[in-house]
Structure formats: structure tokens, C-alpha cells
Amino acid sequence: SLKLFFSVRMSPVENEPSASEEESRAALNVTSGDDLAPDIDPSLQKEGTRMTAEQEWRNFPIPSDPEKRLEAAQKQKDEGNDKFKQQQFAEARVCYERAVRLTETPRAADGAVEEQIKAIRLPVLCNLALCCLRVEPKEAFRALEACEEVLSVEPDHAKATYRKGKALVELNELREAEYELTRACKLTPKDATVRKDLEQLRQRMKDIKAKEKATYDGLFNRSPGFASDARQAKADDVKQTDDDLHDICFHKGQDNPFESVDNPQEQARACQASGNLEDAVMAWEAAVVRAESAGEWANHSAYCLEFGVLLMDLNIDRLALRCFNVILEEGSSRPPSPPNVRRHALLLKAICSLNESTGDPLAEVSSILEQWWLEVSPAPPGVEEPSIDTRLERCLGESNTSADFAVALGVIRVLQGHNSAPNYFISALTAPEDDGSFFGDVCRRATKWNMLGAVLANRGKPDAAIVAYQQALCLQPHYPRALVNEGISHAARKLSSQAAASFVAALAVSTPWSAQPIWPLLEDVAKDVDGELEPLVKEKNISRLQELVGPIARGSPYPICEVLAEMGFA
């Protein structure tokens, strides 16, 4: 497989033809977008001719004297430029390859000669890459090598970045190509052709995704809610694809208005607070893409985490899993995520896997929590540890235990079918706050109430579940997951009007693509409600539905202990 590099790039090399000069554009097609529709003399396309030319530059004599090599390299560069102007790309490539060989720094070269050789070599390599993309058949891998050498010396070289992107397109490495072309756009923001190439690539990627419809259909094959009613009844064997592991941004380029704004992460948080979750999704996508492009990996991980939490709120655990997988992936292209972000991502991945596991949920969730435990409380070498649930139970027996431990054990007990499962989510609600844990954050109270409600609902206690959901929604009114769960519990109590109101409220704050599983729930309860509701549901007329059912009155949240006592938990 191809070894690709993702270091920060950009800044032109002196003495190379400028992308802004019309004469250079005509000579080396610097800003033509390298659309690569060559007009080549047919005689140069013959395989025999190409191989003879290759043998010629490989056998080209190399002077031993550094100054003579420098002079010969300059001559070959000039000849290559002349051949290129005549669109004799194969012959130009021969000249550039000779110049590359001539500018391999000799051991005897002094500092001044070495700098002169470098001044010739880098623009030659960049021009060689362009030729390799113009000849037929294209030499995309050689173009990539040439660009990588330039970028290893000048990380901010605009043309090398751009041509590397074009080479990656030819090699069908589309995600990496998009990365490079995005950087090239930032280096040459006035170059419309570079932007056009990026837009064409994104459209191509978009078309490919559209053809992989099965992947997206799989996003909605789980019942709503954390540990929802009939959670396993609709589970299927859809396997996670590479997209499930990596692709977290679907709105790019012109599709995402937040790519051009300052601080999209702040815009995302503001949109979430106001209940504009569709814009919040796009703003988080823009923040993630921008942090990745800038190599701001700590911010990238933090934004992926916040984006994943929003996707969980929207009831799209599979997309949330992609965010957490990006945080947890390791490789040469990025440093490890900050430890606290990794811990949080592992815990949330375990929760998502409760609904999204494609195998044995208990085994999968336990395995993820084992990884989380190693991050939270690494064992001394050589010590054999008991099972993860035993360790968590032991920790919960201590004072001031983190809410994260209670949630982790609660998830395991849910999968084991223990009647004691609700107790662990109650422990999470009453655990110390602001202790650095994920669920110890004050802003996670709504999530903990929603989880408790879902566990109670699954144990046939819809009345108590509704109390929990109402607390969650007093804290976080624009919470689609809690609204859907509240509607399910109202429906279980045969309160169809209240269920309809909850589902309509959920639809109003959900994104169009995350609302898909909510409509059937609303259709079921609409049949039992007199009046206009059912025809409006069939029309999917959100605004009229909101007018019909009206807003749900929400008060202020009550103290946690008082609410738990009302629910029967002293």
C-alpha cells in the first residue's frame, strides 16, 4: 500500500516560475488546475519510445566536478522548460529526470554549491511531477515521490501540495487527495481552478457515497434511545465498513456554509444551545476539518468528541462511533489524542456499542471498557485483575466514586439483564460533580436522567421513566433522544396525544436525515388522536404539526434527591 504523508504544507520556492505570472502559466501550466488532458505527439506515446527515453536519462553521464554538475543541471532544466512549452511532455520529463540526477548533492560540494543545487532541484522536481501527470500513461507514483521530496524540504510549497493532490487522485487515494487539495486552496485562495478541482473531487466522493446506500441505511436500523424498548428486536448483521470507522463529515465545500466562518466550534455550541441542531452538525464538521487541515490534533480530538456527543443526542450512535474511532485511531499521520479525551471516547464508545454491536454486545462492551480501565486505573505489572464488572463494583464501594464508574457498570448490568441496573445510573446522578470525569460534568445531568429513564422503561416502568425524561428535558429542552424516549413511554401508557407532542418536538429539533426513524413512531400514535394530526403526519408537515400540538411546557429541574424520592428511590 501507498505510504502517504500528512505534514503541514505551504510556501513557494525561489527561482521557480511564479503561479501568478501569465508567462509562467503558459509555460508550465502552474495554475491551470493540472486538468491533465494532454496534447502529446503520438510518436511519444509509443511504449518503445518512452522506454528508450527512460534508458537515456538513466545512463546520462554525471560530471564529477560539482560546478560542472550545477551548470549541466541548469541546462537540462532550461531544456525541459522549452520542451514543456512545446507540449513535448515525455521529452521534458527526460530533461527533468537528468537534472534531478545531476542535483544529487555530491559529497565534495561546499555550502554555497549545495544551496545552488537545491535552488535548481526543488523547482525541477515540481515540474517533473507535472510532466509525470501529463504523459500517457500517467506516472502518478513518480509524481507523488517528486512532490514528497519537495515537501520534505519546503513543507509549505503550494504547487507541490497541489500536484501531490492531483497525483493522489490518479492513484484513487481520494481522502488523502482531498486533504492536499484543501491545503492547496488555502495557499492559493484566489486560484479558481484549484478550487474547482477540489469541488470536482468532492462531488466524485459524494457520488461514490451515494452509491453505497446500504452503509447509510444501516445508520437507522436500531430502535431509538439509550437501551431502548425492543433494543435488540430490530438489530441486524450490518457490518461496519471503512466509512463507519473514519468518515464523519458529510457536508463539505459548498454544502457547508460554516467552512468559511471564524471559530466554527463556537458557532456549533451556539447552535446546539438554541436547538438549531442541523446547523450545529455542519459547524462541528467544519471545525473538525479545519483542525485536521491545520494539524491541530488536540483540538481535532476535542471537536470529534463534542461532535460525537451531539450525534448521540440525535440518536445516531453509529455516526457517533465514527467520531470516537477517529479519536482512538493511532498512526504516523497524527499524534495520540489527549489522555482525558481518549478516556471519554472509550466510555462513550462502550455506550454506543450497547446499541450498535454487530456481535456479542456484552463481550464487545466489556472489551472496550477494559481498554477504558487501563486508561483510568492501570494495573501494576504482573498483577492479575478480576473481571471488569468486579473491579467497578469494588470501586463503587468506596466514597466519592466517579460517575463514570457508575455508568460503566450500569451498562454492563443492562447487558447482563440485572434488575439492579437502574441503581447504577442513580449512583451516577448522585456522584460528585466537576471531578474531571465525563459524566461528572454538570452539563451531563440531562444525559444521566435520560439513561436512567431508558433503563426504567425497558424494565416496564414507564411512569418512573417519564419523570426521568422530564428532568432531562428541563435541563436540555432541545434533546431529541430524550424527547423520543418520552414519547415511547407516553405511548406505552396509551397517552397518544402526549406521545404525539413529544415526537413532534423531537422532529422539530432533529436534522432531516436523523428524523427518519421518528416518523413511524408518530404515525402509530396519530391513528389514536382525533382531528387533523394523522393527515398532517402523512404530509410530513412539521410547521403545521407544531402549530397543532403546541409547545410542551417545561419547568425548572427539581433537586435530584427529591425527584428520586418521588420515583420511589429513597
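Which helix does Ser489 lie in? Ser489 belongs to helix α23, which covers residues 480-492. Keep in mind that this is a predicted model.

**View 1. Ser489 sits in α23 and is buried.** With a relative accessibility of just 1%, Ser489 falls under the 20% cut-off, so it counts as buried. Skip the neighbours within four places in sequence, and Ser489 is in contact with Ala457, Pro462, Ala465, Ile466 and Tyr469.

**View 2. The whole protein is built from helices, with zero strands.** There are 28 helices here. The protein has 570 residues, and 52% of them are buried. Take the contacts with a separation of 6 or more: 65% of them are between residues 24 or more positions apart. As for the outside, the accessible surface comes to about 25700 Å², and carbon and sulfur atoms hold 48% of that.

**View 3. Two spans carry the UniProt annotation "repeat: TPR".** The annotation comes from an unreviewed entry and covers residues 158-191 and 446-479. Residues 158-191 are 79% helix and 0% strand, and the C-alpha atoms at the two ends lie 11 Å apart. Residues 446-479 are also 79% helix and 0% strand, and here the end C-alpha atoms are 9 Å apart.

**View 4. Helices α7 and α8 pack against each other.** α7 takes in residues 158-170 and α8 residues 174-187; their axes are 8 Å apart and the packing angle is about 155°. An angle over 145° counts as roughly antiparallel, so that is the label for α7 and α8. On the α7 side, the contact is made by Ala158, Thr161, Tyr162, Lys164, Gly165, Lys166, Leu168 and Val169. On the α8 side, look for Leu174, Glu176, Ala177, Glu180, Leu181, Arg183, Ala184 and Leu187. The crossing of α7 and α8 is left-handed.

**View 5. Tyr303 is a buried residue in α14.** Helix α14 spans residues 297-313. Tyr303 has 9% relative accessibility, which is why it counts as buried. Which residues touch Tyr303, once neighbours within four places in sequence are left aside? They are Gln265, Arg269, Trp284, Ala287, Val288 and Ala291. Trp284 is 19 residues from Tyr303 along the chain, and the C-alpha atoms of the two are separated by 6.9 Å.

**View 6. The same α14 that holds Tyr303 also packs with α15.** α15 is made of residues 317-328; the axes of α14 and α15 come within 8 Å and cross at roughly 165°. That angle makes α14 roughly antiparallel to α15. α14 brings His300, Ser301, Cys304, Leu305, Phe307, Gly308, Val309, Leu311 and Met312 to the contact. α15 answers with Asp317, Leu319, Ala320, Cys323, Phe324, Val326 and Ile327. The two helices make a left-handed crossing.

**View 7. α17 and α19 cross at roughly 165°.** α17 runs over residues 361-376 and α19 over residues 403-416, and their axes come within 10 Å. With that angle, α17 is roughly antiparallel to α19. From α17, the residues that meet α19 are Pro361, Leu362, Val365, Leu369, Trp372, Trp373 and Val376. Facing them in α19 are Asp404, Phe405, Ala408, Val411, Ile412, Leu415 and Gln416. α17 passes α19 in a left-handed crossing.

**View 8. A cis peptide bond joins Glu136 and Pro137.** Omega for this bond is about -5°. Pro137 belongs to the loop between α5 (111-132) and α6 (140-153).

**View 9. Asn263 has a positive phi without being a glycine.** The value is about 50°. Where is Asn263 placed? Look in the loop between α11 (242-246) and α12 (264-274). Buried, exposed or partly exposed? Asn263 has a relative accessible area of 45%, so it is partly exposed.

**View 10. Lys540 is another residue other than glycine with a positive phi.** Phi of Lys540 is near 55°. The loop between α26 (533-539) and α27 (542-549) is where Lys540 is found. Lys540 has 47% relative accessibility and therefore counts as partly exposed.

Note on methods: Residues numbered from 1 in each chain as written. Predicted model: local features only at pLDDT ≥ 70, side-chain atom pairs only at ≥ 80, totals over all residues. Heavy atoms only, no water. Helix = DSSP H or I, 4+ residues; strand = E, 2+ residues; numbered from the N terminus. Buried < 20%, exposed > 50% of the residue type's maximum accessible area, 1.4 Å probe, protein only. Contact = heavy atoms within 4.5 Å. Areas by Shrake-Rupley, 256 points an atom, 1.4 Å probe, with all protein chains shown as cover. UniProt positions renumbered as here; feature names shortened; annotations may be inferred. Axes fitted to C-alpha atoms, helices over the stretch in contact; angles between N-to-C directions. Parallel < 35°, antiparallel > 145°, perpendicular 65-115°, else oblique. Left-handed = near helix turned anticlockwise from the far one by under 90°.
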